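I opened a fresh page for this structure. My notes follow in the order of my look-ups.

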Amino acid sequence: MTTTDTAAITAVLPEAFDERWSRLPGIQVDGRRITIEPAEYFFRFESSTWLVADWELVKAELLDVEETTESAVEQLALEFIKTHAESTSDAARVLATAYEVYAYLIRDEHLAGLGLPQITTEHLRMLREAATLMALNKVERDGHISNVGPCWFFPAATSVVFDLDDEMGGLLDEVYHGGWFNEHRRIESIKAHAALGGRLVHGCQSVPDQSGGVVAPYGASMATFRDDLAAFKAGWIEQVYAYRVSPAA
């Protein structure tokens, strides 16, 4: 593991997270307060800066803007990021921003449209919590993955924290990177992720591949991203599953 010499990250979020996140190393949840020890929590932690934009500004100036034949939604998001995003070393600010992004994107009103009766509002809460923590992962512009935490491997992390079996863990992952982001939702996602300085990209094609996702800067090399991810994912996924409290049913 490579890690920067970074103090503990502490954030107080609007709602309490599930205390079972503390099953993973380096993270403690006490109601709304989350404390992360980077050296223990991350598999790789090489960068302690992130790009963020004010969520209220995103809501006011970007979410309702429609793309045109001359200006695609990706261009709108990129221009917004260039104008309004700033680098921060305040990880708590990143988590707070991510919480707002995913409270908006993964909201209960979309549940009926999934067509999956086995997915409940409780499952959406799991998605929001995991996605919030994923915001600390980072990809550099050259495609190198600089920060990797357990939530990169979404089904593995949620199976440990929420006692999901493989089938439900996989289904929840499919909801996250598949059915949840149809074209209408994809457009919404691109706009919302401007608050986290980039766009949501996935390293996987389907559940069995389990290569996770990250908010990457526009222009990042996806070829380097793919190769870097392929080199480390198998061993780290295995380490995440090792923290299961009991074998899944």
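I count a residue as buried when its relative accessible area is under 20%, as exposed when over 50%, and as partly exposed in between. The model is a predicted one, and I kept that in mind throughout.

**Entry: Arg44 and its partner**

I looked up Arg44 first. Is Arg44 buried or exposed? Its relative accessible area is 14%, which is under 20%, so I logged Arg44 as buried. Next I checked its side chain for a charged partner. Arg44 meets Glu46 in a salt bridge, at 3.9 Å from N to O. That passes the cut-off, because a pair counts within 4 Å. I then looked up Glu46, which is partly exposed at 30%.

**Entry: other salt bridges**

I ran the search over the whole structure. It returned 18 salt bridges. I picked out a few.

Arg93 pairs with Glu86, and their closest N and O atoms are 2.7 Å apart. Arg93 is partly exposed, with a relative accessible area of 29%. Glu86 is also partly exposed, at 40%.

Arg185 pairs with Glu188, with 2.8 Å between the closest N and O atoms. I found both residues in helix H8, which covers residues 183-192. They sit 3 residues apart, about one turn of the helix. Arg185 and Glu188 are both buried.

I also followed salt bridges that share partners. One network joins Asp18, Arg20, Arg23, Glu122, Arg125, Glu129 and Asp163.

**Entry: helix H4**

I wanted a geometry check on H4, residues 91-105. How far apart should its ends be? At 1.5 Å a residue, its 15 residues should span 21 Å. The end C-alpha atoms are 21 Å apart, so the span agrees.

I then checked the N-terminal end of H4. Asp90 caps it, with a side-chain oxygen 3.1 Å from the backbone nitrogen of Ala92. For burial, I listed Ala91, Val94, Leu95, Thr97, Ala98, Tyr99, Val101, Tyr102 and Leu105 as buried in H4.

**Entry: the nonpolar core**

Which residues have the most contacts inside the largest nonpolar core? I noted Trp21, Ile36, Tyr102, Leu133, Leu136, Trp152 and Phe153. The core has 83 residues. H4 gives the most to this core, with 8 residues.

I took Trp21 for a closer look. I left aside its neighbours within four places in sequence. The remaining contacts are Ile27, Val29, Glu129, Ala130, Leu133, Cys151, Val161 and Phe162. Glu129 in that list also belongs to the salt-bridge network.

**Entry: strands S1, S2 and S3**

I looked at S3, residues 33-36. Ile34 and Ile36 form its covered face, while Arg33 and Thr35 form the uncovered one. This fits a rule I keep at hand. In a regular strand the side chains alternate between the two faces of the sheet.

Then I traced the pairing. S1 (residues 9-12) runs antiparallel to S3 over 4 bridges. Ile9 has Ile36 as its bridge partner in S3. S2 (residues 27-30) also pairs with S3 in the antiparallel sense, over 4 bridges. Val29 stands opposite Ile34. The hairpin of S2 and S3 has 2 residues between the strands, and Gly31 there takes a positive phi near 65°.

**Entry: the open sheet**

I moved on to a sheet of 3 strands. It is open, ordered S4-S8-S7, and its pairing is antiparallel. Why do S4 and S7 each have a side without a neighbour? Both stand at the edges with a single partner strand, so one side of each is left free in the sheet. S7 and S8 (residues 145-148) are joined by 2 bridges. Val139 stands opposite Ile145 in S8.

**Entry: two single residues**

I looked up Phe42 in the loop between helix H1 (38-41) and S4 (44-45). Phe42 is buried, at 2% relative accessible area. Its C-alpha atom is 4.3 Å from that of Gly149, although the two are 107 residues apart along the chain.

Last came Thr158, in helix H6, residues 154-162. Thr158 is buried, at 0% relative accessibility. Not counting residues up to four places away in sequence, Thr158 touches Ala130, Asp163 and Leu164. I closed the page there.

Conventions
Residues numbered from 1 in each chain as written. Predicted model: local features only at pLDDT ≥ 70, side-chain atom pairs only at ≥ 80, totals over all residues. Heavy atoms only, no water. Expected span 1.5 Å × (residues − 1). Buried < 20%, exposed > 50% of the residue type's maximum accessible area, 1.4 Å probe, protein only. Polar contact = N/O pair within 3.5 Å; in protein donor to acceptor, adjacent residues only side chain to side chain. Pairing = 2+ DSSP bridges. Core = buried A, V, L, I, M, F, W, Y, C linked by side-chain atoms within 4.5 Å. Contact = heavy atoms within 4.5 Å.
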